[in-house]
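Trainee: I am new to this structure and would like a close look at one single part of it. Could you pick a residue, start there, and walk me outward to what surrounds it?

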Amino acid sequence: MNKLLKFVLPLWLPLLVATAGVCVMSWFLMVSLLQGDFRAEGRILIDMPWGVLSLLDLYTGLLLFSCWIWWREHYMSTAMLWTLALLLAGNLGSCLYVLVAIWQSKGKLDRFIYGHRLSYTLAAG
């Protein structure tokens, strides 16, 4: 089987979603930074109940995703940096993390999910 196909096959959907997420969110982040007024628009967003709910929903999901990062990563400093990236960049950071995790896993689903804990899982099982 082709090396690239063997690498991508088990994780093709997260790879596709994360790659599209990085591209689309990077584009809209650039457009928003160039054309938007973060302070004025942020004030409007926070004044609306649906705006508050959307932000609460976003940060709840990001904190939940960061729990996986803290569980998966070997070094606390790495987990802290990724969590900071999530809180500052939102799901652009989570898409980047997924791409890095796929790359580090060499296309193996169990290594993608467990990260450094895979060796502990194999030893215990």
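Mentor: Happy to. Let us start with Ser66, which is found in helix α4. Please keep in mind that this is a predicted model. Is Ser66 buried or exposed? Its relative accessible area is 6%, and residues under 20% count as buried, so Ser66 is buried. Setting aside the neighbours within four places in sequence, Ser66 is in contact with Thr83 and Leu86.

Now let us widen the view to the helix around it. Helix α4 spans residues 49-72. It has 24 residues and reaches 35 Å from its first C-alpha to its last, close to the 34 Å expected at 1.5 Å a residue. Ser66 has company in being buried: Gly51, Leu62, Ile69 and Arg72 of α4 are buried as well. What covers these residues? The cover of the buried residues of α4 includes α3 (38-47), α5 (76-89), α6 and α7 (109-114).

Next, look at the rings on this helix. Phe65 and Trp68 both lie in α4, 3 residues apart, which is about one turn of the helix. They form an aromatic pair, with 5.4 Å from centre to centre and 70 degrees between the planes, and the pair is edge-to-face. Phe65 also pairs with Tyr97: the ring centres are 6.0 Å apart and the planes stand at 90 degrees. Planes over 60 degrees apart count as edge-to-face, so this pair is edge-to-face too. Phe65 lies in helix α4 and Tyr97 in helix α6 (residues 91-105), so the pair ties together parts that are 32 residues apart in sequence. Tyr97 itself counts as buried, at 1% relative accessibility. Stepping back from these two pairs, ring pairs link Phe65, Trp68, Trp82, Tyr97 and Phe112 into a cluster. A search of the whole structure finds 6 aromatic pairs.

Let us follow α4 to its last residues. Arg72, one of the buried residues of this helix, forms a salt bridge with Glu73. The closest N and O atoms of the two are 3.5 Å apart. Are these partners buried or exposed? Both Glu73 and Arg72 are buried. The structure holds 1 salt bridge, and you have just met it in Arg72 and Glu73.

For a contrast with these buried places, turn to helix α2 (residues 12-35), where Val24 lies. Val24 has a relative accessible area of 46%. That value falls between the 20% limit for buried and the 50% limit for exposed, so Val24 is partly exposed. Together with Trp27, Phe28, Met30 and Leu34, Val24 makes a nonpolar surface patch of about 580 Å².

Finally, here is the whole chain, to put our close look in its setting. The chain has 8 helices and 0 strands, and from the N terminus on its elements run α-α-α-α-α-α-α-α. Of its 125 residues, 23% count as buried, and Ser66, where we began, is buried. The chain exposes about 9,200 Å², with carbon and sulfur atoms supplying 73% of it. Among the contacts in the chain with a separation of 6 or more, 65% come from residues 24 or more positions apart. As you turn the model, try going from Ser66 to its contacts Thr83 and Leu86, and then to the ring cluster that includes Phe65 and Trp68.

Definitions and conventions: Residues numbered from 1 in each chain as written. Predicted model: local features only at pLDDT ≥ 70, side-chain atom pairs only at ≥ 80, totals over all residues. Heavy atoms only, no water. Phe/Tyr/Trp six-rings, centres within 6.5 Å; stacked < 30°, edge-to-face > 60°. Helix = DSSP H or I, 4+ residues; strand = E, 2+ residues; numbered from the N terminus. Buried < 20%, exposed > 50% of the residue type's maximum accessible area, 1.4 Å probe, protein only. Expected span 1.5 Å × (residues − 1). Contact = heavy atoms within 4.5 Å. Patch = residues over 30% accessible without salt bridge, like charges linked within 9 Å, V, L, I, M, F, W, Y side chains within 5 Å. Areas by Shrake-Rupley, 256 points an atom, 1.4 Å probe, with all protein chains shown as cover. Salt bridge = Lys/Arg side-chain N within 4 Å of Asp/Glu carboxyl O.
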